[in-house]
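Reader: I would like a close look at a single part of this model, set against the chain as a whole.
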Amino acid sequence: MGVPTSSACPLLEINPSQKEFIAATPGCNENIVILENIIKGAKHNRKDFAVVFVDLAKAFDSVGHKLLIKSLQRVKLSKAFVSLIEDLYTGNTTVVEGNGNLTTPITIERGVKQGDPLSPILFNIALDPLYGWTSWVEPRLFAKDGSLWKPDLIFRKEQKIAVVDVTVWYENDSKALETAWREKQEKYKHLNAEVTELTGGMDPKYFGFVMGARGKWLGMNNRLIKFLGIERYDTFAQKTSRLTLSLTLELLQLISDK
C-alpha cells in the first residue's frame, strides 16, 4: 500500500503536509515530532492549546469517482492520463449473491481499487484539496519599535502568504474605494519579518479588501481572490456583496430603532 508518490509521478506537487505514501518521508515520526514541539511551545508560552484527531473510516472506500476525476483535472495532469483513469473507474458494477441468486448489477461510484499500486497516489490527489489555507484572525504582532499591530486576516499555504486588511466604506465613489484599498495594502508592509516568523512562509503579499456602500464590489478585491485560488470569484463577489448589503440594512435598522 506504500508506493511512494514521487516515484509514481515525480512531477506531481502534493501538499507537504501530506505524509502518507510520500517517498523518503517518515510520516508518523515527523508528525509526532511536530506535535511534541507544538505542545512544548504552548506550555513554555503558557498558551491555550487543543488537538483534534480525525480518522477517515474506510479511507480508500470513501473516494467518490467524480471527485477523483475533478481532482486529477485540478492538478493539471495530462488529458490522456485523466481519460485513462476515468475509463478504469467508469461503468464498474458488482453483484451480491444470496441463496444461489444474484442481485441486479450495482454501479460502483466510489472507492479506489484495493491492492492497486496506483491507488495511494490517487487517494493523495483526491485528499489534497482538504489541505487548504491556514488562517490567522487578528494576530497580535509587535513591530520593532514595540508597537502592537493586528492585521484582520493572514493566510498561508505552503510558502505563500497573504496579509489582508478589510474595511467597509459607506460610499460608492470608485476612486475613493481604490484609494482606501491601496492604503490598506500598505498598512502592514513594515511587519514583513514578524509575519514571516508567525506563519513560517516566505515573501508575504499584502492586500486591501474594501466593500462600498450597498454592497458595492471593488474590482481590485479580485487580486486577493485570485491569489487564494478561488476560481469562481465572480460568484464569490456577488455573495459577498449581498452579505455586505444585508449587514448594512441591519445596521441602518438598528440606528433607526434608537
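How many helices and strands does the secondary structure of the chain come to? And how does the packing of helix 3 with helix 5 look?

Author: This is a predicted model, in which local features need pLDDT of at least 70 and side-chain atom pairs count only at pLDDT 80 or more, while totals for chains, interfaces and linings use all residues. Residues are numbered from 1 along each chain as its sequence is written, and side-chain values use heavy atoms, with hydrogens and water left out.

The chain has 9 helices and 10 strands, taken as DSSP runs numbered from the N terminus (helices H or I, at least four residues; strands E, at least two). Of its 258 residues, 32% are buried, meaning under 20% relative accessible area with a 1.4 Å probe, protein chains only.

Now the helix pair. Helix 3 spans residues 65-74 and helix 5 residues 119-127; their axes come within 8 Å and cross at roughly 80°. The axes are lines fitted to C-alpha atoms over the stretch in contact, with angles from 0 to 180 degrees between N-to-C directions. Helix 3 and helix 5 are therefore roughly perpendicular, a term that covers 65 to 115 degrees. Helix 3 contributes Leu67, Leu68, Ser71, Leu72 and Arg74 to the contact, and helix 5 contributes Leu122, Ile125 and Ala126; contact means heavy atoms within 4.5 Å. By class, these are 6 nonpolar, 1 polar and 1 charged residues. Nonpolar here takes in Ala, Val, Leu, Ile, Met, Phe, Trp, Tyr, Cys and Pro; charged is Asp, Glu, Lys and Arg; the others, Gly among them, are polar.

Terms used. Buried < 20%, exposed > 50% of the residue type's maximum accessible area, 1.4 Å probe, protein only. Parallel < 35°, antiparallel > 145°, perpendicular 65-115°, else oblique.
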